[in-house]
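Open the model in your viewer and keep the selection tool ready. The tour below goes stop by stop.

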Amino acid sequence: MHPKRKRTLLLILALVAGLGLATGLVTYALRQNISAFYSPSQLVNGEAPEGRKIQVGGLVVQGSLKRSPDSLAVEFLISDLKQQVPVSYTGILPDLFKEGQGIMATGTFSNGKVQAEEILAKHDENYMPPQVKDAIKEAGHPVK
């Protein structure tokens, strides 16, 4: 093989290998940051991966909010009107967070409990995250 062709072939192979490596690294990084949405029923049924970042949404169960007196830790239950899942969170809750309202929590699920890193509450009277609304409709309950 001619030395110039050999050099060109090696260059092309190096570029293809570099692109493959870059694509693999980007895919791996994105996969680590993806958080799929699950309803409380799906969590109870074991459909969510343990220890992976997820999003879960539902209604905060009336009377379930427990605040720690000496820290910002809170625990509460969320429901899709079929099943309930406990959620713990340490931090300042959104101003619009209250019992009976729709929320979405992002965090990890393990041992039947969600450890939330972020809590999102609806922002007005008519809004509910679409995933929460769909999960409640699937449960057979009307959503305002």
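Buried means under 20% relative accessible area, exposed means over 50%, and partly exposed lies in between (1.4 Å probe, protein chains only). This is a predicted model, in which local features need pLDDT of at least 70 and side-chain atom pairs count only at pLDDT 80 or more, while totals for chains, interfaces and linings use all residues. Residues are numbered from 1 along each chain as its sequence is written, and side-chain values use heavy atoms, with hydrogens and water left out.

Select K113 to begin. K113 is partly exposed, at 29% relative accessibility. Now add E75, which is also partly exposed, with a relative accessible area of 39%. Their side chains form a salt bridge, 3.1 Å from N to O. The term covers a side-chain nitrogen of Lys or Arg within 4 Å of a carboxyl oxygen of Asp or Glu, and the count by this rule is one. E75 is in strand β4 (residues 73-79) and K113 in strand β7 (residues 113-121), 38 residues apart, so the pair links distant parts of the chain. Strands (E, at least two residues) and helices (H or I, at least four) are DSSP runs, numbered from the N terminus.

Next, select L43, F76, V87, I103 and I119. Which residues have the most contacts inside the largest nonpolar core? These five do, in a core of 20 residues. A nonpolar core is a set of buried Ala, Val, Leu, Ile, Met, Phe, Trp, Tyr and Cys residues joined through side-chain atoms within 4.5 Å. Strands β2 (53-60), β4, β5 (84-90), β6 (102-110) and β7 each give two or more residues to this core.

Last, select L10 in helix α1 (residues 3-33). L10 is exposed, at 52% relative accessibility.
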